[in-house]
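Let's walk through how a few helices and aromatic rings fit together here. Have the structure open as you read.

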Amino acid sequence: MPICGDGNCFFSAISTFTTACKELPHGTDEKHNELRQKTCDLIVQHKEKKDSLIYKKMMDRKTPLVGNQLDAYIKQKRATTGQLYTWSDSITFEAMAAMLDRPIMQLTYPVYI
C-alpha cells in the first residue's frame, strides 16, 4: 500500500498493516496517532530499565538519549504535525517492533515520473 510521506507515514503504515482484515483488506491509516502515542508510552516505560533488551535495542546508537534529552525527544515524538522531529527514527522503529512483538522491515521503492 502506498503511504503518504507526511511525517506520520511510519505510523500510518503500521496502522494500515494492523487494521487490514477480510472486511477491510487495505486497512486504514486512521490509527496512526494512537500507535504513535502507544509507542511513546513504551519508550517512557523502558527509559529507566537500562538493562532491558528493549531499552538496549532502542538506544543502540553512538550517544543514547537520557534524562532531559530523552524527555524532550518523547515530547517531540508525541506531536503529530508531520514536522521533521515527529518523523520516525531508529528509537521509535525499535519501540514499535517491541510493542508489536514482531520484526518490522522498512522498504522504499523508486517513484517513476
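Start with the rings: F10, F11 and F93 make up one aromatic cluster. Keep in mind that this is a predicted model. Across the whole structure, a search turns up 2 aromatic pairs. One of them joins F10 and F11, and it is edge-to-face, with 5.3 Å centre to centre and 75 degrees between the planes. The edge-to-face label applies because planes over 60 degrees apart count that way.

Are the rings of this pair buried or exposed? F10 is buried at a relative accessible area of 12%, and F11 is buried too, at 2%. Both get that label because buried means under 20% relative accessible area. Here they are alongside T39, a residue of helix α2 that comes up again below.

| Residue | Relative accessible area | Label |
|---|---|---|
| F10 | 12% | buried |
| F11 | 2% | buried |
| T39 | 0% | buried |

Now for the helix pair. How do α1 and α2 pack? Helix α1 (residues 9-19) meets helix α2 (residues 32-46) at an angle of about 110 degrees, and their axes are 8 Å apart. That angle makes α1 roughly perpendicular to α2, because the label covers 65 to 115 degrees. On the α1 side the contact is made by F11, S12, I14, S15 and T18, while α2 brings in H32, L35, R36 and T39. Sorted by class, this contact has 3 nonpolar, 5 polar and 1 charged residues.

T39 deserves a closer look. With a relative accessible area of 0%, T39 is buried. A polar atom of the T39 side chain lies 2.8 Å from the backbone oxygen of L35. An α-helix has 3.6 residues a turn, so residues three or four places apart point the same way. Setting aside neighbours within four places in sequence, T39 is in contact with F11, T92, A95, M96 and M99.

Several of those names lead on to α5. Which residues of helix α5 (residues 90-100) are buried? They are I91, T92, F93, A95, M96 and A97. F93 is also a member of the aromatic cluster with F10 and F11. The cover over the buried residues of α5 includes α1, α2, α3 (53-58) and α4 (67-78).

The two ends of α5 are worth a glance as well. At its start, a side-chain oxygen of D89 reaches to within 3.1 Å of the backbone nitrogen of I91. At the other end, α5 is followed by D101, which has a positive phi near 55 degrees.

Definitions and conventions: Residues are numbered from 1 along each chain as its sequence is written. This is a predicted model: local features need pLDDT of at least 70, side-chain atom pairs count only at pLDDT 80 or more; totals for chains, interfaces and linings use all residues. Side-chain values use heavy atoms; hydrogens and water are left out. Axes are lines fitted to C-alpha atoms, for helices over the stretch in contact, and angles run from 0 to 180 degrees between N-to-C directions. Helices (H or I, at least four residues) and strands (E, at least two) are DSSP runs, numbered from the N terminus. Angles under 35 degrees count as roughly parallel, over 145 as roughly antiparallel, 65 to 115 as roughly perpendicular and the rest as oblique. Contact means heavy atoms within 4.5 Å. Ala, Val, Leu, Ile, Met, Phe, Trp, Tyr, Cys and Pro count as nonpolar, Asp, Glu, Lys and Arg as charged, and the others, Gly among them, as polar. Rings of Phe, Tyr and Trp (its six-membered ring) pair if their centres lie within 6.5 Å; planes under 30 degrees apart count as stacked, over 60 as edge-to-face and the rest as tilted. Buried means under 20% relative accessible area, exposed over 50%, partly exposed in between (1.4 Å probe, protein chains only). A polar contact is a pair of N or O atoms within 3.5 Å; within protein, one must be able to donate a hydrogen and the other to accept it, and residues adjacent in sequence count only if both atoms are side-chain atoms.
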